[in-house]
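Here is a short report on one protein model. Keep the structure open while reading.

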Amino acid sequence: MDMDKVRDMQHTRLKMMSFSLGASSVKQIILDWKKIFLTFFFVSIILVILFIQLLRLLSYVYSDWKIVQLKKSNNQLADQLVNYNNKMQQLCKIVSELEQKDDDLRVFVDLPTVNMDIRRLGVGGQSNETFTTYSSISEELVNLATTVDQEITNLTQRVDLLTTSRKAIKYKYNQNVTLLKSTPSIHPVKNARMGDQFGYRTDPFTWERKHHNGVDLVAPRGADVLATAEGTVLEAVSRYTPNQLRGKYIIIDHNNGFFTKYAHLSKVLVKPGQKVTRYTLIGKVGDTGRATGPHLHYEVIQNDVNVNPKSFFLD
Ligand SMILES: [Zn+2]
């Protein structure tokens, strides 16, 4: 075997032969290792390049699709924001109505109304820093978002103020009810004739000109004497000396600066410390003490000063 033949056997790995059916020619392709490797190498490179290009194309398509989706959801969010703004306007309207009612109630319970400037203190006090950090958002949307944000802050403050006001109204209302309950407002004796009035008069016993600190309500002995408002019995005196001015008498403390006195009674039906309400039967008309005949001497004392009881009769 010569050397050429040996080398040929080592290098030749693949021998391809093609036979043509029409012609009698035979084509022979002989591939050696080098050719196979080079072919494989270039084909691989081309495939890798193609694959990378395909990936890039897919990535473009995907980001395009993603952008479309984001635009869609951005539009939806923008619509939602407009929707929120509309709802916020409706809420503002409702809160305004509540504020109007709140003011009406404040007038009703005798509290000063709240200035609208104080109610809307939060308006315009905020910057739109929160939203400008997202530079990709359009200015129009930033403004809308800022408006909604400010409205929320403002509404929160207004509702807080309403809550505080509601508490104040409730407190004042209860105070007023208590005050009304404990303010003398009725005749202590029904169907009585008015005797001596409040003011200066000539004393029937001494003939001196003296100030009469109450009113005399003339009624038969034993007629009912009623408490004229809610309160606590401060004094209930049944024992007296014949020349004592008031005779049997009762003093009621109404716990709000008001006191009422009921004098010349024939009977005392309450005890000191006893709670009474308006219309509680507390005693009976009489002529004990310095009295010319059966009548009730009735006094109203407001902050240590005797006032005319007549101005408190509402019945
Ligand atoms: Zn009198």
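E299 counts as buried, because 22 C-beta neighbours fall inside 10 Å and the cut-off is 20 or more. The model is a predicted one. E299 sits in strand β13. Leaving aside neighbours within four places in sequence, E299 is in contact with N213, G214, T260, K261, N306 and P309. F198 is 101 residues away from E299 along the chain, yet their C-alpha atoms are separated by 8.9 Å.

L226 belongs to strand β7, residues 224-226. With 18 other C-beta atoms within 10 Å, L226 is partly exposed, because a buried residue needs 20 or more. Not counting residues up to four places away in sequence, L226 touches I186, P188, Y279, T280, L281 and I282. V276 is 50 residues from L226 in sequence, and the C-alpha to C-alpha distance is 9.7 Å.

Now the whole chain. The protein has 315 residues, and 19% of them count as buried. Its secondary structure comes to five helices and 14 strands. Take the contacts between residues at least 6 apart in sequence: 63% of them join residues at least 24 apart.

Two of the helices can be checked against their expected span.

| Helix | Residues | Number of residues | Expected span | Distance between end C-alpha atoms |
|---|---|---|---|---|
| α2 | 33-108 | 76 residues | 112 Å | 108 Å |
| α5 | 139-181 | 43 residues | 63 Å | 62 Å |

The expected values use 1.5 Å a residue, and for α2 the end-to-end distance agrees. For α5 the two values agree as well. How many residues of α2 are buried? The number is two of 76, so α2 lies largely in the open. Just after α2, D110 takes a positive phi of about 65 degrees. In α5, the buried residues are A145, N154, R158 and S165.

Next, the strand pairing. β8 (residues 231-237) and β9 (residues 248-253) run antiparallel, joined by five bridges. Across from E235 stands I251 in β9. β9 also pairs with β10 (residues 258-268), again in the antiparallel sense and over five bridges. K248 has L265 of β10 as its bridge partner. The hairpin of β9 and β10 has four residues between the strands, and N255 there takes a positive phi near 60 degrees.

Last, the nonpolar core. In soluble globular proteins, nonpolar side chains tend to be buried together. Which residues of the largest nonpolar core touch the most other members? They are V189, I250, Y262, L265 and L296, in a core of 28 residues. At least two residues of this core come from each of β6 (215-218), β8, β9, β10, β12 (281-285) and β13 (295-302). β10 gives the most, with six residues. V189 touches L217, A219, A223, V225, V285 and L296, not counting residues up to four places away in sequence. L265 thus has two roles here: it is the bridge partner of K248, and it is one of the core residues that touch the most other members.

How values were computed
Residues are numbered from 1 along each chain as its sequence is written. This is a predicted model: local features need pLDDT of at least 70, side-chain atom pairs count only at pLDDT 80 or more; totals for chains, interfaces and linings use all residues. Two strands pair if DSSP finds at least two bridges between them. A nonpolar core is a set of buried Ala, Val, Leu, Ile, Met, Phe, Trp, Tyr and Cys residues joined through C-beta atoms within 7 Å. A residue is buried if 20 or more other C-beta atoms lie within 10 Å of its own, exposed if 12 or fewer, and partly exposed in between; C-beta atoms are placed from the backbone. Two residues are in contact if their C-beta atoms, placed from the backbone, lie within 7 Å. The expected span of a helix is 1.5 Å times one less than its number of residues.
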